[in-house]
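Please open the model in the viewer and keep the sequence panel visible alongside it. The tour proceeds by selection, from the whole chain to individual residues.

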Amino acid sequence: MTAVRRPLPVLLAWAVIAALALSAWGPRDRTTWFLETVWVLVGLPLIALTWRRFPLTDLLCCLLAVHALVLIVGGHYTYAQVPLGDWVRGTFGLDRNPYDRLGHLMQGFVPAVLVREVLSRTSPLRGSRWLAPLTVCACLAFSAVFEMLEWAAAVAGGHAADAFLATQGDVWDTQWDMFCALIGATVSVLVLSRVHDRQLKRLTSSYSGAGSTAAARTSTAGTTPRPR
């Protein structure tokens with residue numbers, strides 16, 4: 001694809017980088033900060049490296065930025081001690097800080113658009129009735145893998161991994177986390193599919209048009225007689 005200048009993804013990237021830098025300053029637990037933000041530390045450079053070949057829709061860029069901020073805040077404070085979650089717990093009389101639940105809802109909501117975009121652009125599933133259920137299944141599978149990573153962290157770190165796990169004494173925390181991811185992915189597919197399809201169509205036509213224009217200019221430049 002030929003590069004098309006789009007300011008929004010650049011602004012979002014710089015906002016995420018700034019938030020990441022701020023969160024690294026005095027986190028409550030340095031190990032937890034790294035474990036929670038490693039997805040941002042890996043994902044942002046990966047998107048930048050593949051952007052010219054595989055640019056993303058503005059919708060997906062915005063969702064990824066919001067998800068990154070959720071991870072960054074959770075990494076800085078630890079999910080069980082995020083001040084906003086403490087305020088919600090105190091205001092509504094909850095038994096636990098609900099920020100962890102928000103994180104797992106986002107773990108389904110945002111990856112659903114990412115999976116849908118990749119499948120729509122690289123497989124025959126675009127427009128297929130199987131796209132939606134396979135997208136949700138992929139998100140639930142990722143959530144299950146993440147829970148296994150948390151289990152591995154608990155085995156390796158013992159009580160030192162409590163801040164990363166953020167179970168807050170709930171024996172059903174793993175099941176709740178996967179259920180929240182399932183809800184997030186399902187809602188995302190139901191609510192955002194039409195908007196996403198429009199942006200996918202616009203993205204494809206925009207880059208195809210840019211490529212055609214560039215090819216036409218090259219062809220014209222090659223056939224224009226040089227002045228003597």
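**The whole chain**

Begin with every residue selected: of the 228 residues in the chain, 35% are buried. The model is a predicted one, and colouring by confidence is a useful opening view. The mean pLDDT is 86, with 83% of the residues at 70 or more. Select residues 212-216 next, where the pLDDT falls below 50; beyond near neighbours in sequence, this stretch makes one contact in the model. Where pLDDT is low, the predicted coordinates should not be read in detail.

Switch to a cartoon representation. Eight helices and zero strands appear, giving the pattern α-α-α-α-α-α-α-α along the sequence. Among contacts with a separation of 6 or more, 77% join residues 24 or more positions apart. With a surface displayed, the accessible area of the chain is about 13400 Å², and carbon and sulfur atoms account for 69% of that area.

**Helix 1**

Select residues 7-23, which form helix 1. What separates the end C-alpha atoms of helix 1, and does the value agree with the expected span or depart from it? The 17 residues should span 24 Å at 1.5 Å a residue, and the end C-alpha atoms are 25 Å apart, so the two values agree.

Within this helix, highlight P9, L12, V16, A19, L20 and S23, which are buried. These residues lie on the same side of helix 1, because the arc they cover around the axis is only 100°. An α-helix has 3.6 residues a turn, so residues three or four places apart point the same way. Now rotate to the face turned away from the buried side, where the exposed residues P7, L11, W14, A21 and L22 are found. To see what the buried residues of helix 1 pack against, add helix 2 and helix 3 to the display.

**The largest nonpolar core**

Select V16, V40, L63, I72 and V113: these residues have the most contacts inside the largest nonpolar core, a set of 23 residues. At least two core residues come from each of helix 1 (7-23), helix 2 (30-50), helix 3 (58-77) and helix 5 (99-122). Which helix gives the most to this core? Helix 3 does, with nine residues. In soluble globular proteins, nonpolar side chains tend to be buried together.

Centre the view on V16. Its contacts, setting aside neighbours within four places in sequence, are V40, L44, A65, A68 and I72. Another core lies apart from the one just visited; it has five residues, among them A112, C139, A185 and V189.

**A185 and V115**

Move to A185, a residue of helix 8 (residues 173-223). Is A185 buried or exposed? A185 counts as buried because its relative accessibility is 0%, the cut-off for that class being under 20%. Neighbours within four places in sequence aside, A185 contacts G108, F109, A112, V136 and C139. A distance label between the C-alpha atoms of A185 and A138 should read 9.3 Å, although the two residues are 47 residues apart along the chain.

Then select V115, which is in helix 5. At 22% relative accessibility, V115 counts as partly exposed. Outside its neighbours within four places in sequence, V115 touches T135, A138 and C139. The C-alpha atoms of V115 and L131 are separated by 9.5 Å, and these residues lie 16 residues apart along the chain.

**A last stop at T78**

Finally, select T78, in the loop between helix 3 and helix 4 (83-92). Most residues other than glycine have a negative phi, and most peptide bonds are trans. T78 has a positive phi of about 75° although it is not a glycine. With a relative accessible area of 2%, T78 is buried.

Key:
Residues are numbered from 1 along each chain as its sequence is written. This is a predicted model: local features need pLDDT of at least 70, side-chain atom pairs count only at pLDDT 80 or more; totals for chains, interfaces and linings use all residues. Side-chain values use heavy atoms; hydrogens and water are left out. Helices (H or I, at least four residues) and strands (E, at least two) are DSSP runs, numbered from the N terminus. Buried means under 20% relative accessible area, exposed over 50%, partly exposed in between (1.4 Å probe, protein chains only). Contact means heavy atoms within 4.5 Å. Accessible areas come from the Shrake-Rupley method with a 1.4 Å probe; for residues, only the protein chains shown count as cover. A nonpolar core is a set of buried Ala, Val, Leu, Ile, Met, Phe, Trp, Tyr and Cys residues joined through side-chain atoms within 4.5 Å. The expected span of a helix is 1.5 Å times one less than its number of residues. The arc is that of the directions from the helix axis to the C-beta atoms. pLDDT is the predictor's confidence in each residue, from 0 to 100.
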